[in-house]
Amino acid sequence: MGLVELTRPVRIMNISGSPCDKRDAIAKAAAMDEHIDVLVGDWMSELNMPTRAYNVTNGLGIGYEETFLEALEPALENIAKKGIKLAANAGTVATKELYDIVVKMVREKGLDLTIAWIEGDVVLDLVKDDLKKDPKKFVHISTGKSLDEWGFDPLFAQCYLGGLGIAMAFKAGADIVICGRVADASPIIGAAAWWHNWSRTDYDQLAQSLIAGHLIECSVYVTGGNFCGFKSLDWAGINDLGYPIAEIAHDGDVIITKVKNTGGLVSIETCKEQLLYEIQGMHYLNCDVTAVIDQACFTELAPNRVRLSGITGKPPPATTKMGLTAFGGYQAELHWAMIGLDIDERVKLLDDQLRDSFGKSRMAKFNLWDISVYGSTPENPRNQNSCIVDVRLFAQARHAEDLSEANFIRPALDINMHTYPAATFHADLRTAVPKVFTEYFPTLIPQPTQTIHFSTGASPMKFVPPIETTIHPASQPSYPPTNPVDLSSFGPTKQVPLGRVVYGRAGDKGSNCNVGLFARNAQEWPWLRSLLSTEKLIDLMDEEYKGQKIDRMEFPNLWAVHFLLHDHLDRGVTANAGYDILGKFIVEFLRLKKVDVPVAFLEKGVL
């Protein structure tokens, strides 16, 4: 089936939100009675991209996500029987290899399905000469530093692609489109553009479909997963959260819903949280379109049916994000448990003794040495577990030998008899064995040409970069509170955690971290936007603020304030020394912080 000449909305269902998701979702979706036109899935992240890139270039493993095959195989017969289309980016860094396996699987089952794969995201051969000749022109998106300051040798380069190549593949008769690093929302753009036969300049429709894609790309995040209001969910359905569906009309109208008779919830609040996740500001960039999202609005039409509106489109950027992967070195970690009084002094004692035990020559070989304390001891604890603190030594070095048992475990544990009271290290030492980590450098390159290949033997098709484009500055608009209100005008207050009256979501993009916080209702919105200035955020961040640049903007129709914390996550997910490698913790930390909340708000209830 090629071009669809229908006026009804296309129903697009997401069945995977990351490399870690339930793998029976495709089979269930293909078998259910509820009608779906297109299945889409996201298997990629800035964690598995560099890791698989390193492994493949060093002959250490496969480059695609094998769980896609596990999920796809039991669904294929129903996909063929019902004429359901499928697009997924599970090719990761080895799209052709995954395509070959899927083609073989389909042929062995005797199914009449055309498989396509999209080439164009792997770009090291395309850019390697420029990387050497003019490294200064490649600037890190998060830090602003140029490639010549990075200090690592790229071994793999992969860029983000849009969705209109997928639309071209569907239009040419493909049933399943295997992709590598198409952007998370690109399969949704591709499905909607194919179904409605949109042109490349139907920017408003493309923009609406882009944000529809953003809303459902993380699967159940928009239906109750990771939801701040999780206590309000019907817990009878928490083990069966419904996977999301975007209904996209020819004019770009979007309704977000979920599979019927499943658990979870699609509400204005779940949609707001997901919209505010992993964005960079008022412009949401994709290779096909620039979506202007600051006037985004959600309207509940019925239970579990929410309309998205207020999104407008502009031409896409001429560039796309490219991630360079490099060998970073080796890392290892050890853990101690502490309990009792004077934890700070115990940590200082351990730190001083560790440094002496390692000695200057060993310490000089570490690129990173970090001792972090996780947890705290409450007053008058009721049991031991409630007051145990985890102390973590995390180290990185260029060579594995520098983190060998003789150079890491032994000098760390040989002092155990000599250190703080009740000294106890974690007996499982597998984390102390050195393992490879990768460095990741996100930058911009001109959009490449895509090539679409088909299992039918048809000639490959070319999808060229856009002609009409928009130039975007390196930073998005940032501004202080609009129409601030005197906080005392809201009446008497009580100090309570911010999260008792405010929803939120945070996430990573490279080493940047975004934070979105929104009020429960229109009456509380003037208070929130007046309270949350950049200065107030810095105050709430406390020791987490290290002087990084912060952008601030507002979403008035969402009653939301959005912050972008530049370079907050060290070097990104693959090299970060902390636990919060995905940038999700910061918003929950902020929601724990006490602020003066009007008593009138608290009388309405708390989250």
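In this predicted model, the largest nonpolar core has 82 residues, and the members that touch the most others are Ile12, Ile248, Leu275 and Met322. Helix α9, spanning residues 203-216, supplies the largest share of this core, namely 8 residues. A second core, separate from this one, comprises 40 residues, among them Ile26, Ala29, Ile79 and Val220.

Leucine 275 offers a view into the surroundings of one such core member. Apart from neighbours within four places in sequence, leucine 275 is in contact with Ile211, His214 and Leu215. The other contacts of leucine 275 are Ala296, Phe298, Leu308, Phe555 and Leu558.

Helix α9 also packs against another helix. Two packed helices are described by the angle between their axes and by the distance separating those axes. For α8, which covers residues 186-196, and α9, the angle is about 135° and the axes lie 8 Å apart. An angle of this kind falls outside the ranges for roughly parallel, roughly perpendicular and roughly antiparallel axes, and α8 and α9 are therefore oblique to each other. The crossing in which α8 passes α9 is right-handed. On the side of α8, the contact is formed by Ile188, Ile189, Ala192 and Ala193. On the side of α9, Leu206, Ser209, Leu210, Ala212, Gly213 and Ile216 take part.

Attention may now turn to a residue in a strand. Glutamate 439 belongs to strand β18, which runs over residues 435-446. Is glutamate 439 buried or exposed? Its relative accessible area is 3%, and because buried means under 20%, glutamate 439 counts as buried. The side chain of glutamate 439 makes a polar contact, at 2.7 Å, with the side chain of arginine 571. Not counting residues up to four places away in sequence, glutamate 439 touches Trp150, Phe152, Leu324, Thr325, Ala326 and Gly328, as well as Arg571, Thr574 and Ala575.

The last stop is a residue in a helix. Serine 530 is part of helix α13, residues 525-531. With a relative accessible area of 12%, serine 530 is likewise buried. Which residues does serine 530 contact, leaving aside its neighbours within four places in sequence? They are Pro481, Asn483, Pro484, Val485 and Leu487. To one of these, valine 485, there is a polar approach: its backbone nitrogen lies 2.8 Å from a polar atom of the serine 530 side chain. Elsewhere along the chain, valine 561 is 31 residues apart from serine 530, and the C-alpha atoms of the two are separated by 9.8 Å.

Terms used: Residues numbered from 1 in each chain as written. Predicted model: local features only at pLDDT ≥ 70, side-chain atom pairs only at ≥ 80, totals over all residues. Heavy atoms only, no water. Helix = DSSP H or I, 4+ residues; strand = E, 2+ residues; numbered from the N terminus. Buried < 20%, exposed > 50% of the residue type's maximum accessible area, 1.4 Å probe, protein only. Polar contact = N/O pair within 3.5 Å; in protein donor to acceptor, adjacent residues only side chain to side chain. Contact = heavy atoms within 4.5 Å. Core = buried A, V, L, I, M, F, W, Y, C linked by side-chain atoms within 4.5 Å. Axes fitted to C-alpha atoms, helices over the stretch in contact; angles between N-to-C directions. Parallel < 35°, antiparallel > 145°, perpendicular 65-115°, else oblique. Left-handed = near helix turned anticlockwise from the far one by under 90°.
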